[in-house]
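Here are a few friendly notes to read alongside the model. Please keep the structure open as you go through them.

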Amino acid sequence: VQLQASGGGLVQAGGSLRLSCAASTKIFDINAMGWHRQAPGKERELVASISSGLNIRYPDSVKGRFTISADFAKNTVYLQMNSLKPEDTAVYYCKISTGWRNYWGQGTQVTVSS
């Protein structure tokens with residue numbers, strides 16, 4: 001199974017981007033899907049997650065600006081990012097979790113210029 005993420009790019013501060021992630025084959029028994037990011041010299045951090053019960057989590061740093069959505073039947077997850085800030089610059093990774101393993105996408109670069 002491979003996760004293909006897309007939608008990253010270069011945007012000015014205040015702009016928007018929409019990330020998408022789809023699995024190459026069907027994944028069964030998904031518990032949650034989400035997005036993480038990693039900036040240079042920093043640890044990977046959670047950006048947004050959505051459970052199969054549709055519980056959604058955001059860290060305070062993106063709350064009110066980012067929106068996660070997902071189609072569990074199609075194994076796809078999206079991240080709408082608005083009001084982007086330079087500190088949002090990072091490589092963004094999608095993740096799909098089942099009861100026995102996590103699947104990670106290859107990462108897509110998001111760069112926000114000031």
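The points below cover a sheet, the salt bridges and one histidine.

1. A word before starting: this is a predicted model, and the remarks below should be read with that in mind.

2. Let us begin with the open sheet. Its four strands follow the order β1-β3-β8-β7, with antiparallel pairing. The edge positions belong to β1 (3-6) and β7 (66-71); each has a single partner strand, so one side of each lacks a neighbour in the sheet. From one strand to the next, the twist averages 15 degrees.

3. Within that sheet, have a look at β3 (residues 17-23) and β8 (residues 76-81). These two strands run antiparallel and are joined by six bridges. One pairing to pick out on screen is Leu-17, whose bridge partner in β8 is Met-81.

4. On to charged side chains. How many salt bridges does a search of the whole structure find? The count is four. Arg-37, Glu-45, Arg-65 and Asp-88 belong to a linked network of them.

5. Arg-37 deserves a closer look. Its side chain meets that of Glu-45 in a salt bridge, at 2.7 Å from N to O. Asp-88 also forms a salt bridge with Arg-37, and here the closest N and O atoms are 2.9 Å apart. Because Asp-88 sits in the loop between β8 and β9 (90-98) while Arg-37 is in strand β4, this pair ties together parts that lie 51 residues apart in sequence.

6. Are these charged residues buried or exposed? Arg-37 has a relative accessible area of 6%, so it counts as buried. Asp-88 is buried too, at 0%. Glu-45, on the other hand, is partly exposed, with a relative accessible area of 35%.

7. Another salt bridge brings together the side chains of Lys-63 and Asp-60, at 3.2 Å from N to O. Lys-63 is partly exposed, with a relative accessible area of 49%. Asp-60 reaches 67% and is therefore classed as exposed.

8. Finally, please centre the view on His-36, which lies in strand β4 (residues 30-38). This histidine is buried, with a relative accessible area of 12%. Which residues does His-36 contact, leaving aside its neighbours within four places in sequence? They include Arg-44, Glu-45, Leu-46 and Val-47, along with Val-91, Tyr-92, Tyr-93, Lys-95 and Trp-104. Glu-45 thus appears twice in these notes: as a contact of His-36, and as a salt-bridge partner of Arg-37.

Note on methods:
Residues numbered from 1 in each chain as written. Predicted model: local features only at pLDDT ≥ 70, side-chain atom pairs only at ≥ 80, totals over all residues. Heavy atoms only, no water. Buried < 20%, exposed > 50% of the residue type's maximum accessible area, 1.4 Å probe, protein only. Contact = heavy atoms within 4.5 Å. Pairing = 2+ DSSP bridges. Axes fitted to C-alpha atoms, helices over the stretch in contact; angles between N-to-C directions.
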